[in-house]
Amino acid sequence: MEVRACYEEMGSNFDEVLSRLGSEQMVQRFAIKFLNDKSYETLEVALKEKDVDSAFRAAHTLKGVCVNLGFDKLYEVSSALTEKLRAKELDGTDVMFEKVKEQYDITVNAIRKLQ
């Protein structure tokens, strides 16, 4: 799969991230590195353990990585969850995390096709 098609599959703006990173090879390189990022797994565990501080840090990290790599849909849902956790609120985070999980799966499945 080409990098542009990967970004289209995940619902993201490839041209925007390409303008920031400079080449398709760089975009692909960093997208593939995302597969090793542990912030999603950390977020999942922290929410299960009701650890709002760790969940906030993990959601904030995930949000930051997504904005830098142009993973627009995953950024949107992780950003919303980050703001909920910033307020130290866990009520409703289970529903919000399901949206993060859905977009995370779409994103990761698209990236895996680059390998």
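Helix α4 is followed by Lys50, whose phi is positive, near 60°. The model is predicted, and this briefing takes up helix α4, the largest pocket, the salt bridges and the placement of Ala80. Helix α4 spans residues 39-48 and is one of the helices that supply at least two residues of the pocket lining. Lys50 is itself among the lining residues.

**Helix α4 and its buried side**

- Five residues of α4 are buried: Ser39, Tyr40, Leu43, Ala46 and Leu47.
- These residues lie on the same side of α4, because they cover an arc of only 130° around the axis.
- The packing partners of the buried residues of α4 are α5 (52-69), α6 (72-86) and α7.
- Leu47 combines two roles in this description, as a buried residue of α4 and as part of the lining of the largest pocket.

**The largest pocket**

- The largest pocket holds about 210 Å³ of space.
- From the earlier part of the chain, its lining includes Glu44, Leu47, Lys48 and Lys50.
- Further along the chain, Leu90, Asp91, Gly92, Thr93, Asp94, Phe97 and Glu98 also line the largest pocket.
- Both α4 (39-48) and α7 (93-112) contribute at least two residues each to this lining.
- The greatest contribution comes from α7, which provides four residues.
- By residue class, the lining comprises six charged, three nonpolar and two polar residues.
- Helix α7 thus appears in two settings: it gives the most to the pocket lining, and the buried residues of α4 pack against it.

**Salt bridges**

- The model contains seven salt bridges, of which three are described here.

*Glu9 and Lys113*

- The side chains of Glu9 and Lys113 form a salt bridge with an N to O distance of 2.9 Å.
- Glu9 belongs to helix α1 (residues 3-9) and Lys113 to the segment after α7, so this pair ties together parts that are 104 residues apart in sequence.
- Glu9 is partly exposed, at 35% relative accessibility.
- Lys113 is likewise partly exposed, with a relative accessible area of 44%.

*Glu16 and Arg20*

- A salt bridge joins the side chains of Glu16 and Arg20, at 3.4 Å from N to O.
- Both residues lie in helix α2 (residues 14-21), and because they are four residues apart, about one helical turn separates them.
- Glu16 has a relative accessible area of 40% and is partly exposed.
- Arg20 is also partly exposed, with a relative accessible area of 41%.

*Lys84 and Glu89*

- In the salt bridge between Lys84 and Glu89, the closest N and O atoms are 3.0 Å apart.
- Lys84 counts as partly exposed at 23% relative accessibility; the buried class is reserved for values under 20%.
- Glu89 counts as partly exposed at 37% relative accessibility.

**Ala80 and Thr93**

- Ala80 is located in helix α6, one of the helices against which the buried residues of α4 pack.
- At 36% relative accessibility, Ala80 is classed as partly exposed.
- The C-alpha atoms of Ala80 and Thr93 are separated by 9.7 Å, and the two residues are 13 residues apart along the chain.
- Thr93 is one of the residues lining the largest pocket.

Terms used: Residues numbered from 1 in each chain as written. Predicted model: local features only at pLDDT ≥ 70, side-chain atom pairs only at ≥ 80, totals over all residues. Heavy atoms only, no water. 1 Å grid on protein atoms, 1.4 Å probe; cavity = no way out; pocket = protein on both sides within 12 Å on 5 of 7 lines; lining within 4 Å. Points joined across faces, edges and corners; volume = space filled by probe spheres on them. Nonpolar A, V, L, I, M, F, W, Y, C, P; charged D, E, K, R; others polar. Buried < 20%, exposed > 50% of the residue type's maximum accessible area, 1.4 Å probe, protein only. Arc of directions from axis to C-beta. Contact = heavy atoms within 4.5 Å. Salt bridge = Lys/Arg side-chain N within 4 Å of Asp/Glu carboxyl O.
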